[in-house]
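Biologist: I am new to this structure and would like to go through it by question and answer. Please show it first.

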Amino acid sequence: MMRVTRCYHFPANHRLHTPLLSDAENAELFGKCNYPFGHGHNYTVEIAVEGPVRAETGQVVDPGALDRLVQSDVVAPMAHANLNCKIPEFGDLVATTENLAVVIEQRLRARWDEVFPEGPALCRIGIRETLNNYISKAVAR
Amino acid sequence: MQITRRVDFCASHILSSPSLSPEENLARYGPEANPHGHGHNYTLEVTVEGTPDPVTGMIVDLKVLKDLMTSEVVDSFDHRFLNHEVPPFDTVIPTPENMAIEIWRRLAPHFPGPVARLHCVRLQETDDYFVEYFGS
């Protein structure tokens, strides 16, 4: 079994805040991440795919096709953007790194079968929010 | 339990299928198909899985693993043009996927065990591109 991972980079800003809590509770829970005007990170997103190595190409996935999909549906809309304001999914979802992985997975799955009708499978999304924070989300088949 | 050892090597390659025209190869592989080749600083990580020996406390002697990775891979790949100098890449396209399979093929016979078995060959071609092979 072969897994191929490509990494993408973009800067964005966000604010962690939920309408389910009071302002005081948000400040207590999220601390500096709840400051009213938000703050930014240099995000690194890892996209891992799994599948057989195709005999004719020697590749699991066409890296260019993967790059085009991730660029158009993830990087371009999120780069240099305020995630809370510009990414509709965060309208009622806290813009944590965990939820960012969920949103990126949804966006990639939405067009995955159209772009890769013969595979490979999307298998994992990793996000490094800072050099000290990393989350990894397995993608259910 | 798993233990991982890392080595680095530098090599040239070109991604090009003999069954395609130069234009078709450029369309498929992009600049990786540029006719005179190009190079990467590769990072190879080999992970062995097993149970620590009760006497040595080790799954595998890291020195032995390092020497194997050096003799089986680095000594033949490092500072070589893979397509021209390192079989089977005269006939097998040296994508990182095919390189990982070849590295696995070279290392696997040294881990027949159940005590220590080859778990993963991870080959990093650039900071943003790596493959992991877990055997067939």
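Modeller: Keep in mind that this is a predicted model. We can begin with B:Glu132, which is buried at a relative accessible area of 13%.

Biologist: In which strand of chain B does B:Glu132 lie?

Modeller: B:Glu132 has a relative accessible area of 13%, and buried means under 20%, so the residue counts as buried. Its place in chain B is within residues 129-133, which form strand E5.

Biologist: Which residues of chains A and B does B:Glu132 touch, not counting residues up to four places away in sequence?

Modeller: Leaving out residues up to four places away in sequence, B:Glu132 has contacts in both chains. On the chain B side they are B:Cys120, B:Val121 and B:Arg122. On the chain A side they are A:Met1, A:Met2, A:Arg3 and A:Thr5.

Biologist: How many salt bridges does the structure hold over all chains?

Modeller: Side chains of opposite charge can pair when their charged atoms come close. A salt bridge requires a side-chain nitrogen of Lys or Arg within 4 Å of a carboxyl oxygen of Asp or Glu. Over all chains, the number of salt bridges is 16.

Biologist: How many residues apart in sequence are the parts tied together by A:Arg3 and A:Glu50?

Modeller: The side chains of A:Arg3 and A:Glu50 form a salt bridge, 3.3 Å from N to O. A:Arg3 belongs to strand E1 of chain A and A:Glu50 to strand E2 (residues 39-51), so the parts tied together are separated in sequence by 47 residues.

Biologist: Are A:Arg3 and A:Glu50 buried or exposed?

Modeller: The cut-off for buried is under 20% relative accessible area. A:Arg3 has 19%, and A:Glu50 has 14%. Both values fall under the cut-off, so A:Arg3 and A:Glu50 are buried.

Biologist: What is the relative accessibility of A:Arg6, which forms a salt bridge with A:Asp67?

Modeller: The closest N and O atoms of A:Asp67 and A:Arg6 are 2.8 Å apart. A:Asp67 lies in helix H2 and A:Arg6 in strand E1 of chain A, so this pair ties together parts 61 residues apart in sequence. A:Asp67 is partly exposed, with a relative accessible area of 23%. A:Arg6 counts as buried, and its relative accessibility is 15%.

Biologist: Which residues do salt bridges that share partners join into one network?

Modeller: Another salt bridge first: A:Arg124 pairs with A:Glu46, the closest N and O atoms being 3.1 Å apart. That pair links distant parts of the chain, with A:Arg124 in strand E4 (residues 121-130) and A:Glu46 in strand E2 of chain A, 78 residues apart. Both A:Arg124 and A:Glu46 are buried. The network made by salt bridges that share partners consists of A:Arg3, A:Glu50, A:Arg141 and B:Glu132.

Biologist: Which residues does A:Val75 touch, not counting residues up to four places away in sequence?

Modeller: A:Val75 is part of helix H2 (residues 63-78) of chain A. With 7% relative accessibility, A:Val75 counts as buried. Its C-alpha atom is 9.9 Å from that of A:Ala12, although the two are 63 residues apart in sequence. Not counting residues up to four places away in sequence, A:Val75 touches A:Tyr8, A:His9, A:Phe10 and A:Val70.

Biologist: What separates the C-alpha atoms of A:Arg54 and A:Arg107?

Modeller: A:Arg54 sits in the loop between E2 and H2 of chain A and is partly exposed at 26% relative accessible area. Its contacts, not counting residues up to four places away in sequence, are A:Gln59, A:Val60, A:Glu118 and A:Gly119. A:Arg107 is 53 residues away along the chain, and the C-alpha atoms are separated by 26 Å.

Biologist: What accessible area do A:Leu20, A:Leu21 and A:Leu29 have together?

Modeller: A:Leu21 is in the loop between strand E1 (2-14) and helix H1 (23-30) of chain A, and at 31% relative accessibility A:Leu21 counts as partly exposed. With A:Leu20 and A:Leu29, A:Leu21 forms a nonpolar patch on the surface, and the accessible area of the three together is about 320 Å².

Biologist: In what order do the elements of chain B run from the N terminus on?

Modeller: Chain B has four helices and five strands. Read from the N terminus on, the order is β-α-β-α-β-α-α-β-β.

Terms used: Residues are numbered from 1 along each chain as its sequence is written. Chains are lettered from A and ligands numbered from 1 in the order in which they are written. This is a predicted model: local features need pLDDT of at least 70, side-chain atom pairs count only at pLDDT 80 or more; totals for chains, interfaces and linings use all residues. Side-chain values use heavy atoms; hydrogens and water are left out. Patches are made of residues with over 30% relative accessible area and no salt bridge: like charges are joined within 9 Å, nonpolar side chains (Val, Leu, Ile, Met, Phe, Trp, Tyr) within 5 Å. Accessible areas come from the Shrake-Rupley method with a 1.4 Å probe; for residues, only the protein chains shown count as cover. Helices (H or I, at least four residues) and strands (E, at least two) are DSSP runs, numbered from the N terminus. Buried means under 20% relative accessible area, exposed over 50%, partly exposed in between (1.4 Å probe, protein chains only). Contact means heavy atoms within 4.5 Å.
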